[in-house]
Amino acid sequence: MGEQRKPVLEALNVKRSELKAIESELKSAKVPSYLRREELRDQVRELERQRANLGIFKGREKKEITAKIENLNSQMPTSDTISAEEQEMRKAKQPIIDEIKGAIA
(Lines give C-alpha, C1' and ligand atoms only; values in the text may rest on other atoms or scores of the structure.)
Protein backbone atom coordinates (compact mmCIF):
# COMPACT_ATOMS: atom_id res chain seq x y z
CA MET A 1 0.00 0.00 0.00
CA GLY A 2 2.86 2.39 0.81
CA GLU A 3 4.35 1.88 -2.66
CA GLN A 4 1.07 2.87 -4.29
CA ARG A 5 1.06 6.16 -2.41
CA LYS A 6 4.63 7.07 -3.32
CA PRO A 7 3.96 8.06 -6.98
CA VAL A 8 0.90 10.05 -5.90
CA LEU A 9 2.92 11.91 -3.28
CA GLU A 10 5.68 12.59 -5.78
CA ALA A 11 3.18 13.95 -8.31
CA LEU A 12 1.64 16.08 -5.57
CA ASN A 13 5.04 17.51 -4.66
CA VAL A 14 5.74 18.30 -8.33
CA LYS A 15 2.43 20.20 -8.62
CA ARG A 16 3.13 22.10 -5.40
CA SER A 17 6.56 23.05 -6.75
CA GLU A 18 4.99 24.27 -9.99
CA LEU A 19 2.48 26.35 -8.05
CA LYS A 20 5.21 27.82 -5.86
CA ALA A 21 7.29 28.69 -8.95
CA ILE A 22 4.39 30.52 -10.60
CA GLU A 23 3.56 32.44 -7.43
CA SER A 24 7.22 33.37 -7.01
CA GLU A 25 7.36 34.52 -10.62
CA LEU A 26 4.30 36.73 -10.09
CA LYS A 27 5.81 38.30 -6.97
CA SER A 28 9.14 39.11 -8.59
CA ALA A 29 7.90 40.08 -12.06
CA LYS A 30 8.17 43.72 -12.99
CA VAL A 31 5.51 45.03 -15.35
CA PRO A 32 6.55 47.43 -18.15
CA SER A 33 5.01 50.49 -16.48
CA TYR A 34 6.97 49.77 -13.28
CA LEU A 35 10.21 49.51 -15.25
CA ARG A 36 9.36 52.73 -17.10
CA ARG A 37 8.70 54.52 -13.81
CA GLU A 38 12.06 53.40 -12.43
CA GLU A 39 13.81 54.57 -15.59
CA LEU A 40 12.14 57.98 -15.38
CA ARG A 41 12.95 58.28 -11.67
CA ASP A 42 16.62 57.65 -12.44
CA GLN A 43 16.55 60.39 -15.08
CA VAL A 44 14.87 62.80 -12.66
CA ARG A 45 17.46 62.07 -9.97
CA GLU A 46 20.26 62.73 -12.45
CA LEU A 47 18.69 66.03 -13.54
CA GLU A 48 18.17 67.06 -9.91
CA ARG A 49 21.84 66.32 -9.25
CA GLN A 50 22.85 68.42 -12.24
CA ARG A 51 20.59 71.28 -11.13
CA ALA A 52 22.00 71.18 -7.59
CA ASN A 53 25.53 71.46 -8.97
CA LEU A 54 24.79 74.62 -10.95
CA GLY A 55 26.05 77.88 -9.56
CA ILE A 56 23.97 80.78 -8.28
CA PHE A 57 24.17 82.64 -11.60
CA LYS A 58 22.84 79.75 -13.68
CA GLY A 59 19.13 80.61 -13.36
CA ARG A 60 18.29 79.96 -17.01
CA GLU A 61 19.94 76.53 -16.95
CA LYS A 62 18.17 75.69 -13.69
CA LYS A 63 14.81 76.62 -15.25
CA GLU A 64 15.55 74.41 -18.27
CA ILE A 65 16.42 71.48 -16.04
CA THR A 66 13.33 72.10 -13.89
CA ALA A 67 11.18 72.03 -17.05
CA LYS A 68 12.76 68.71 -18.06
CA ILE A 69 12.08 67.29 -14.60
CA GLU A 70 8.44 68.41 -14.76
CA ASN A 71 8.09 66.85 -18.20
CA LEU A 72 9.49 63.54 -16.97
CA ASN A 73 7.24 63.63 -13.90
CA SER A 74 4.21 64.13 -16.13
CA GLN A 75 5.16 60.96 -18.06
CA MET A 76 5.58 58.91 -14.88
CA PRO A 77 3.22 55.90 -14.71
CA THR A 78 0.95 56.05 -11.69
CA SER A 79 0.58 53.39 -9.02
CA ASP A 80 -2.89 52.67 -10.42
CA THR A 81 -1.43 51.94 -13.85
CA ILE A 82 1.16 49.63 -12.37
CA SER A 83 -1.43 47.85 -10.21
CA ALA A 84 -3.70 47.37 -13.22
CA GLU A 85 -0.86 45.80 -15.21
CA GLU A 86 0.00 43.53 -12.29
CA GLN A 87 -3.65 42.45 -12.05
CA GLU A 88 -3.70 41.68 -15.78
CA MET A 89 -0.55 39.60 -15.43
CA ARG A 90 -2.07 37.71 -12.48
CA LYS A 91 -5.32 37.24 -14.39
CA ALA A 92 -3.38 35.73 -17.30
CA LYS A 93 -1.72 33.19 -14.98
CA GLN A 94 -4.88 32.40 -12.99
CA PRO A 95 -6.12 29.55 -15.23
CA ILE A 96 -2.78 27.77 -14.81
CA ILE A 97 -2.88 28.32 -11.04
CA ASP A 98 -6.45 27.00 -10.88
CA GLU A 99 -5.50 23.93 -12.93
CA ILE A 100 -2.59 23.12 -10.64
CA LYS A 101 -4.70 23.67 -7.51
CA GLY A 102 -7.36 21.38 -9.00
CA ALA A 103 -4.77 18.69 -9.64
CA ILE A 104 -3.51 19.02 -6.06
CA ALA A 105 -7.03 18.69 -4.67
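User: Happy to start with a charged side chain: does Arg-60 count as buried or exposed?
Analyst: This is a predicted model, so what follows is computed from its atoms. Arg-60 has a relative accessibility of 56%. Exposed means over 50%, so at 56% Arg-60 counts as exposed.

User: Which side chains meet Arg-60 in salt bridges, and which residues does the resulting network join?
Analyst: Glu-61 meets Arg-60 in a salt bridge at 3.8 Å, N to O, and Glu-64 meets Arg-60 in a salt bridge at 2.9 Å. Arg-60 and Glu-64 both lie in helix H3, four residues apart, which is about one turn of the helix. Salt bridges that share partners make one network of Arg-60, Glu-61 and Glu-64.

User: How do the two glutamates, Glu-61 and Glu-64, count in terms of exposure?
Analyst: Glu-61 has a relative accessible area of 24%. For Glu-64 the relative accessibility is 41%. Glu-61 is therefore partly exposed, and Glu-64 also counts as partly exposed.

User: Which exposed residues sit on the face of H3 turned away from its buried side?
Analyst: Let's begin with the buried side: Ile-65, Ile-69 and Leu-72 are buried in H3. They cover an arc of only 60° around the axis, which puts them on the same side of H3. The face turned away from that buried side carries the exposed residues Arg-60, Lys-63, Glu-70 and Ser-74.

User: What do the buried residues of H3 pack against, and how far apart are the end C-alpha atoms of H3?
Analyst: The packing partner of the buried H3 residues is H2. As for length, the 17 residues of H3 should span 24 Å at 1.5 Å a residue. The model agrees with this, because the end C-alpha atoms of H3 are 25 Å apart.

User: Which residues of H2 are buried, and what arc do they cover?
Analyst: In H2 the buried residues are Ser-33, Arg-37, Leu-40, Val-44 and Leu-47. They lie on the same side of H2, because around the axis they cover an arc of only 90°.

User: How far apart are the ends of H2, and which helices do its buried residues pack against?
Analyst: With 22 residues at 1.5 Å each, H2 should span 32 Å. Its end C-alpha atoms are 32 Å apart, which agrees. The buried residues of H2 pack against H3 and helix H4 (79-104).

User: Which residues make up the largest nonpolar core, and which helices each supply at least two of them?
Analyst: The largest nonpolar core has seven residues in all: Leu-40, Val-44, Leu-47, Ile-65, Ile-69, Leu-72 and Met-76. At least two residues of this core come from each of helix H2 (32-53) and helix H3 (59-75).

User: What does a second, separate core include?
Analyst: This other core is made of five residues. Among them are Ile-22, Leu-26, Ile-97 and Ile-100.

User: Setting aside neighbours within four places in sequence, what is Leu-40 in contact with?
Analyst: Leu-40 belongs to the largest nonpolar core, and Leu-40 is one of the buried residues of H2. Beyond those sequence neighbours, Leu-40 is in contact with Leu-72, Gln-75, Met-76 and Pro-77.

User: Arg-37 is buried yet has no salt bridge; what is the nearest side chain of opposite charge, and how far away is it?
Analyst: Arg-37 has its place in helix H2. Aside from neighbours within four places in sequence, its contacts are Met-76, Pro-77, Ser-79 and Ile-82. A salt bridge needs a nitrogen and a carboxyl oxygen within 4 Å. The nearest side chain of opposite charge misses that cut-off, being Glu-38 at 4.1 Å.

User: How far apart are the closest N and O atoms of Arg-49 and Glu-46?
Analyst: These two are three residues apart in helix H2, so about one helical turn separates Arg-49 and Glu-46. Arg-49 is partly exposed at 44% relative accessible area, and Glu-46 is partly exposed at 34%. They form a salt bridge, with the closest N and O atoms 2.5 Å apart.

User: How many salt bridges does a search of the whole structure find?
Analyst: The pair of Arg-49 and Glu-46 is one example of a salt bridge here, and Arg-60 with Glu-64 is another. A search of the whole structure finds nine.

User: Where is Asp-98, and what separates its C-alpha atom from that of Leu-19?
Analyst: Asp-98 is found in helix H4, and at 44% relative accessibility Asp-98 counts as partly exposed. Along the chain, Asp-98 and Leu-19 are 79 residues apart. Their C-alpha atoms are separated by 9.4 Å.

Conventions:
Residues numbered from 1 in each chain as written. Predicted model: local features only at pLDDT ≥ 70, side-chain atom pairs only at ≥ 80, totals over all residues. Heavy atoms only, no water. Core = buried A, V, L, I, M, F, W, Y, C linked by side-chain atoms within 4.5 Å. Buried < 20%, exposed > 50% of the residue type's maximum accessible area, 1.4 Å probe, protein only. Contact = heavy atoms within 4.5 Å. Expected span 1.5 Å × (residues − 1). Arc of directions from axis to C-beta. Lys, Arg positive; Asp, Glu negative; His and termini not counted.
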